[in-house]
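Student: Please take a close look at one part of this model, the largest cavity and the salt bridges around the elements that line it. What can be said about that part?

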Amino acid sequence: MPDVTITPTENGPYMVSGPVVLTAPDGHVIEHPDPMVMCRCGHSSNKPFCDGTHATIDFDGTLAN
Amino acid sequence: MKLVVNDAEVEVDDRHAKTPLLWVLRDVLGLHGTKFGCGAGFCAACTVLVDGKNTKSCQTATDRAVGKTVTTVEGAAGPVIDAVRESWYRGNVVQCGYCQPGQTLAAVSLLEANPEPDDAAIDAWMSGNLCRCGTYPRIRAAIHAASDALSLGPEPAPLIAPEEIEDRTLTEEELVDPVHPYLRIHPDGTVIAYSSQIEMGQGIHTGLATIVAEELDAEFGAVRVVNAANGRGPNGDVYGNPDLGSAFQLTGASNSMKGFWVRYRLAAAQARARLVIAAAEAWGVPTDEIEVDGGVLRHGSGRQAAFGELAARAEQLAVPDGVQPKDPADYKLIGREGRLRVDAVPKILGATRYTIDVTVPGMLTALVLHPPRFGATAASVDDEATLAESGVTAVVPIEEGVAVVAETVADAQRGLRALVVEWDDSNAERRSSAELLGEHLRLLESGENAVTARDEGDVDRALDGAAFTVDGTYTLPYLAHAPMEPNNAACRMREDGVLEVWVASEAPEYVKMNASSIAGIDKEQVEVQITFAGGSFGLHSSAEHDPTAEAVQIARALDWKHPIKVQSLREEEFKVGRYRAMAVHRVRAGADADGHLTAWQQQIVAAPTSVNLPFVRDVMFTNNVDFFTTTGAVDPPYAVENFRLESTNFETPLRTMVWRSVGNSHTEFARESAIDELAIATGRDPVDLRRELLTESPRTLRALELAAEHADWGSPLPEGHARGITSSSFLGHSAQVTEVSLDDRGRVHVDRIVFALDCGRNVNPDLIRAQVEGGLLWGLSAALWGQIVLGEGGDIVTQNFDAYPVMRMRSVPQIQVHLIDSAEPPSGVGEVSVPSAAPALANAIAALTGTRIRELPFSKTIKIY
């Protein structure tokens with residue numbers, strides 16, 4: 001098993017588990033829990049993390065593969 | 001570290017570098033206007049401005065704010081915030097108020113970036129800030145109003161918070177006076193009204209201020225209202241709820257105005273009569289020559305005195321016999337538009353004291369880790385790493401879990417994360433929510449343990465002989481209240497042996513029972529200080545195993561050496577439960593060949609709720625039937641000759657609690673959906689069918705006609721649009737029409753809600769509309785997305801707003817409220833619009849798509865936004 005696993009959940013966020021360093025464009029390290037839940041719908045007000053909005057906007061997260 | 005907060009440079013210890021800015025602001029700098037809501041960036045209650053941009057302080061490490069300017073609600077100043085606050089105040093935006101400092105700062109940031117935002121821009125910007133009271137439509141309108149004010153001028157003046165009123169304990173003299181437990185007039189003319197009813201957003205302080213000012217003929221602006229408790233004296237509890245025989249103090253069942261309509265008007269009329277006598281005596285004139293208006297007594301001779309001048313003299317007088325409240329024809333305030341909420345200004349300014357804000361010298365903060373499955377208990381606790389964390393002072397196992405006691409929330413939170421607890425599951429609920437639903441449905445099918453709640457006529461024969469029948473099973477999930485302020489409590493044992501408890505409780509009597517039994521003291525040795533509630537919606541009706549119980553256990557374990565504040569983390573509150581019960585219903589209804597309803601059989605399976613409320617259960621749980629489960633089903637507004645209702649009490653360690661609109665939150669979904677199904681089956685118009693069933697309920701019928709009229713019921717809608725209708729006699733008399741549309745991706749959108757209501761006399765029409773709006777959004781949010789999920793083995797999966805989506809501004813439909821004025825006494829409005837939100841939508845979706853959805857939330861079945 002790799003150290004880091006990224007799982008796009010059904011019509012929901014990315015679940016990211018494992019030792020990950022998350023950095024902002026300005027280089028500062030963003031603290032996060034493990035696993036962390038990352039926005040996939042683009043509508044979170046808590047980016048890069050999920051805030052649950054995907055469920056209220058009927059986000060279609062169907063995978064291409 | 002050096003921070004610049006509200007234009008002042010402050011030094012903060014480096015050990016807080018990684019502490020969320022929220023906790024440094026609150027616990028280190030003592031700025032309590034910034035609120036905690038979720039701790040995870042989902043709700044934005046903690047919004048502050050960092051370099052002018054709205055920022056979630058719970059997600060900002062304090063060292064990230066170094067070199068930037070931080071502005072909190074306490075320090076925000078200038079024309080934009082002034083315009084925002086003024087429009088918030090004028091628009092009666094605020095309800096519980098807990099989220100409003102964050103909302104107003106987010107609005108400032110928006111207006112700085114975009115001075116004339118349209119609805120779409122407002123929705124996009126403001127959707128980060130959650131509000132559980134449902135103030136979104138008013139926030140949107142207030143932002144437009146602020147934008148207009150800024151472009152048109154003149155510059156609004158800043159709002160100024162009134163001075164805080166000291167808590168007081170009634171003296172023995174005050175307890176036996178007919179007036180003083182309820183109001184007192186100060187020498188400066190201020191009228192202090194003592195509210196037996198906790199203000200949790202519903203607006204009862206403003207309602208009481210209105211009826212008190214009306215009967216006193218005082219200026220509305222002269223009335224201040226505070227939460228009161230500890231009213232037990234020789235004549236019983238002066239704050240006892242008249243709707244419950246005045247036995248004990250309780251805010252609930254939306255009955256505050258209904259229950260206290262007589263008492264506060266009478267107390268004010270009596271106070272006015274004493275003032276008139278005092279003036280007559282002072283001036284040597286007959287009482288009937290004295291006129292009272294605007295807080296001033298006048299005589300034709302030219303003599304006059306303000307209330308404050310005569311208050312002390314008047315207080316010495318006996319209340320004359322036969323004082324009666326005013327003739328309604330003389331009302332100047334009641335029923336009129338224009339009242340602004342009396343609690344709005346301090347809430348907008350972040351000055352209102354909620355339980356989370358209680359601080360007394362030496363107080364320690366406790367966070368409680370609750371079991372991950374309902375009914376599990378701590379088997380072993382390894383607290384070594386926790387106690388090694390700086391600021392942590394103790395780890396205390398209590399009945400509900402394990403408490404970490406520390407100097408600040410951030411310290412306690414680090415301690416909590418380091419805590420290792422093994423849980424004993426021997427009494428735990430190990431079923432998943434899907435398995436629990438399956439068991440509810442099995443009991444519904446088998447009928448074992450079912451009890452008959454009402455049985456009239458011959459339902460079986462009527463169903464057999466029916467020309468048309470419908471048979472539907474409706475399922476509803478567990479729901480959390482999730483108010484913006486997680487449930488907190490604080491206590492301290494005073495040197496005089498009195499245990500003081502600060503809590504935003506709907507039932508101060510329960511607090512006394514709960515705290516005294518744990519402390520091992522007499523009930524009257526507990527003094528309750530009622531704080532403002534950052535929402536409750538029924539959650540704060542608990543009588544045991546709640547933050548009060550936790551705080552008292554912790555304080556006792558630490559030998560009463562420290563005042564203790566228990567603060568709930570959002571996750572921990574979800575893990576405590578006290579949910580709206582899961583409920584399943586089966587309705588079989590029959591109609592004759594002409595489409596007239598002839599038979600109604602309904603079965604319910606749900607865990608009982610009233611059993612958790614002392615005294616209430618004595619009258620609400622009888623013969624194994626829980627009225628809090630069957631309300632709305634056992635007493636429908638519709639006349640039907642053959643009727644049977646059965647209910648089964650579900651057993652589980654999962655605790656239930658009253659949840660805004662209680663049983664009606666599920667029974668009306670089944671009832672109003674089934675009526676609609678019958679209308680479809682018989683080919684009848686659903687308004688026409690209801691009209692026929694409401695001939696004995698003229699007030700409900702009138703609401704139905706009014707809603708139908710304003711929604712243009714029966715007129716054609718464009719392709720892809722549809723309407724659904726409901727009616728109800730819950731609390732008042734109401735009807736709702738919901739309009740929906742289908743987009744090109746097959747998704748349903750809720751476009752418009754028209755709500756008609758007869759709630760008796762309209763004391764403050766605008767506050768009634770605000771409650772109806774909030775109740776609709778509350779009901780709609782739950783209907784669309786709300787459900788508590790327990791995973792395999794009973795693990796509590798739903799623990800924060802990411803997994804428990806609640807409505808954000810972008811999903812708010814248009815809402816139109818039409819009030820019917822009436823000379824009947826006022827009835828409640830806080831819950832009145834909640835039950836119809838789901839069935840009106842289900843009926844609209846059925847009309848739109850032909851699909852009948854009987855399972856909530858809707859998002860499990862269809863694409864909806």
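Tutor: What follows describes the largest cavity first and then some of the salt bridges. The model is predicted. By the rule used, there are 13 cavities of 30 Å³ or more, and the largest has a volume of about 120 Å³. Of the 15 residues that line the largest cavity, the closest to its centre are B:Ser665, B:Gly779, B:Ala782, B:Ala838 and B:Leu856. Two elements give two or more residues to this lining: helix H23 (765–785) and helix H24 (834–849) of chain B. H24(B) contributes the most, with 4 residues. Sorted by class, the lining holds 11 nonpolar, 3 polar and 1 charged residues.

Helix H23 of chain B also takes part in a salt bridge through B:Asp766. Its partner is B:Arg138, with the closest N and O atoms 3.1 Å apart. B:Arg138 lies in helix H5 (residues 136–152) of chain B, so the pair ties together parts that are 628 residues apart in sequence. B:Arg138 counts as buried because its relative accessibility is 10%, under the 20% limit; B:Asp766, at 16%, is buried too.

A second salt bridge starts from the segment after H24 of chain B, where B:Arg852 lies. B:Arg852 pairs with B:Asp676, and the closest N and O atoms are 2.7 Å apart. B:Asp676 is in helix H20 (residues 664–682) of chain B, and the two residues are 176 residues apart. Both B:Arg852 and B:Asp676 are buried. Over all chains, the count comes to 63 salt bridges.

Note on methods. Residues numbered from 1 in each chain as written. Chains lettered and ligands numbered in written order. Predicted model: local features only at pLDDT ≥ 70, side-chain atom pairs only at ≥ 80, totals over all residues. Heavy atoms only, no water. 1 Å grid on protein atoms, 1.4 Å probe; cavity = no way out; pocket = protein on both sides within 12 Å on 5 of 7 lines; lining within 4 Å. Points joined across faces, edges and corners; volume = space filled by probe spheres on them. Nonpolar A, V, L, I, M, F, W, Y, C, P; charged D, E, K, R; others polar. Salt bridge = Lys/Arg side-chain N within 4 Å of Asp/Glu carboxyl O. Buried < 20%, exposed > 50% of the residue type's maximum accessible area, 1.4 Å probe, protein only.
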